[in-house]
Amino acid sequence: MTSSYEIAFLELRRKIIEREFNRLNDMQLKAVLATEGPLLLLAGAGSGKTTVIINRIANLIIYGRACDSDEIPEQIKEDDVRFLESYLSDPSEKDAERAKALVSLYPVDPWRIIAITFTNKAAEEMRERLAAMLGDSASDIWASTFHSACVRILRRDITWLEGFGPGFTIYDTTDSLLLLKRIIKDMDLDEKSWPPRSVLTEISTAKDAQLDSQEYSELMSDSRDPRKKRIAEIYTEYAKRLRAANALDFDDIILHTVRLLKNVAEVREYWQRRFRYVLVDEFQDTNRLQYELVSLLSAGHRNICVVGDDDQSIYKFRGATIENILGFENDYPESRVIRLEQNYRSTGCILEAANAVICNNSSRKGKELWTKNTRGEKIDIYRATDETDEADYIAKAMLAGYRKGQKWRDFAVLYRMNAQSNRIEFALKRNGIPYRVIGGMKFFERAEIKDMLAYLCVINNTNDDLRLLRIVNTPPRGIGDKTLEQVRITAVEEESSVFEVMRTSSEREELRKAAPRLMRFVELTEHLAAVKHLRLDELYDVLLDKSGYMSMLNEKDTIENNTRRENILELKSNIISFLKENGDEAGLAQFLDEVALYTDIDQYDIDADSVVLMTIHSAKGLEFPTVFIAGAEEGIFPGIRSIGEREELEEERRLCYVALTRAKEKLIITSAKQRMLFGRTTNNQISRFASEIPENCVEEKDSALHLKPRISGGYVKGENVRRTWDFSDIADVGQITDTVHRYSKESVSQKSNSAVTDSNIKLNKGDRVEHNAFGSGMVISVTPTGGDALIEIAFDKVGTKKLMLKFAAQYMRKL
DNA sequence: CGCACCACAATTTTT
DNA sequence: TTGTGGTGCG
């Protein structure tokens, strides 16, 4: 029988802990305190789910399961209850420690918590916020991506898998494709009928179903589809070569971990005992394999918390399955479900639109966002005549906003396909609006970076045929294709590595001629491998020198070689910051791990003041005051492939939901009546998604509004400003309205006129210029184009840009 | 071996 | 329309 002071204790305990999290709303608090057992957290867009995850972890570490249990520590006496009572009514600094000690119940060691996300960026954000909240102890929490968590597990346990050692290398998608290409060629198959890309997808699907090459082959052996049989052969060879190179592709990282956990009791018990609490973010993006991993990791204590939003599942095409969310409650019948539906991000109008659109989907958990924010402005829907008009409208609207005090970084343009960005870029360029396109060439995809990393991989693991073949003749060492072909064939025949064949080339008749050159490369590699324990940046210097790569770049003084040199030095600064973070003794292998899994080094930099252009997919998780959704047309968004397919169409609609909910204050949806795409002109209807937005949320704009003569009036007239730009809920309202009011008609037209007339700068190839947005750079080409000129400038910081002289001139001066 | 030219295809993308 | 990748020539 529980005595009255015990009941009082439980109540006090809860109240004291709840007070710690008083900044959360009721649902958020509930989610933070529900620590035990499986928990499904359905967190709508902008509902503060990361905050919940962070606070939940903090609660675990500080108070353990105190709020989710009736257990009372034996040593609690009536005295203590009285103490807590007075502490609750009058908390004092000096009592805090004693109170904490009395209230907490089995606080969790940080290293017993694993929080898994999808992207490095999200993982990093989580680590930062945990560190800010918890200090040093936060560093022991495993806050990482699926892949890096698995790599950590595999580094310890992969030796249980035959053929693999802890020094394994990771193949990225390009590596995998290259390897498949070779295999397809070696099997005398035609690349056209066996596109490496789709073969890889097929293999990936097999791995998602946890089928290794043998199981897949068995399954396909009585398939009527001869194609599948052949793919099984390719898969088998692919797996064989990966194993020979001690390499894992991205899917293997997860698959092998799952297999170890399933098949090796020692491994399973170790990790299941270790992780008392498992949290998974973006659960709607997990595939079956990842779900299996998470289930296995959490099976020891069954404390699994998954956070996701079924309405934001947009990665079906890469294996994510919404069933994971929809089926969670079946797999964990004892699970609790908490919905976070209060949105802190967007205006009421935007949310109403988003809710209205998404409720046209049938397979969903059901959830409706609401907010205490003001209703805000209506959503502008603009129907352009063509894509140029659309792009102009966007640029003009940005200029109008900028003049009213918005920063460039407040704007984002979202579109369905990357191909749409060109026209918009062009319009922004013409109007001198600084912008960045997310999703272009990645730093680590540049040839010179891949080369340097390939060298490092080979130094690390000479069996890495793929990377070795990449750099064996870069810079040129007189080792031609036919020689390499011969070496490769020999290596495959002898089931040995390319390096091994090269090392013994002088004893081989068929390689006699090339042997001296091959041996020189072998010596280079061995020399480098011998010094691989140097501090990493020193090793890198030696590599640049001895490989001859630097001298190759120094031979010709071209812009291109210059950028390459800069990139190579940029990689060095990456190495140095890696050493800073992980200590000077951090090794090559560790660095390569990090690099292999960390692809977005040119990350999205929030500090730069420029407009951002990206696909809706890459906008997930981000937010902007003003969002443009371009190309809202049937055939584009929803895409032509999804029309008529119910499931596909629902995924597109979720994508639309994601796009809408990125906006905090203002949404502008544009479409074009006529659009040139892939060289064809099409006439597209306005997107059904736009029509699904309730009329009372919408203001339809027509082209007259943005035509030059009316632009100043249309956007800047006082009344219009106040009605369409309600910033009353925004923190720095003073600043914004201030600028808005000072803005006059004159300055608008003045500015737009000057763009045309003030282009009296004469630029020649080789001139150095200073641009307001891009910094300093050199003109590398000037192409006259009827009354204007297209200039190409290699900027020191931001790379090469093409600009129209007349429009760019006002933002630029000659040095 | 490097460069120039032509054919071809083209949602979305993280690790 | 644009970018890429493969082939063929100098």
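Which side chain has an N or O atom 2.8 Å from a base oxygen of DNA strand B? It is Thr173, and this pair is a polar contact, meaning N or O atoms within 3.5 Å of each other.

Hi everyone, a little housekeeping. This is a predicted model, where local features need pLDDT of at least 70 and side-chain atom pairs count only at pLDDT 80 or more, while totals for chains, interfaces and linings use all residues. Residues are numbered from 1 along each chain as its sequence is written, chains are lettered from A and ligands numbered from 1 in the order written, and side-chain values use heavy atoms, without hydrogens and water.

Back to the DNA. Arg416 also reaches a base oxygen of strand B, with a side-chain N or O atom at 2.4 Å. At Asn418, a polar backbone atom sits 2.8 Å from a phosphate oxygen of the strand. Around DNA strand B there are 26 residues, counted when a heavy atom lies within 4 Å. Asn120, Arg416, Asn473, Thr615 and Arg641 come nearest. Of the strand's atoms within 4 Å of the protein, 54% are sugar or phosphate, and the rest belong to bases.

Now, two helices, taken as DSSP runs of H or I with at least four residues. The axes of H10 (residues 213–221) and H11 (residues 226–244), lines fitted to C-alpha atoms over the stretch in contact, come within 9 Å and cross at roughly 165°. H10 is therefore roughly antiparallel to H11, a label for angles over 145 degrees. Residues in contact (heavy atoms within 4.5 Å) include Tyr216 and Met220 from H10, and Ile231 and Tyr235 from H11.

Methods: Polar contact = N/O pair within 3.5 Å; in protein donor to acceptor, adjacent residues only side chain to side chain. Axes fitted to C-alpha atoms, helices over the stretch in contact; angles between N-to-C directions. Parallel < 35°, antiparallel > 145°, perpendicular 65-115°, else oblique.
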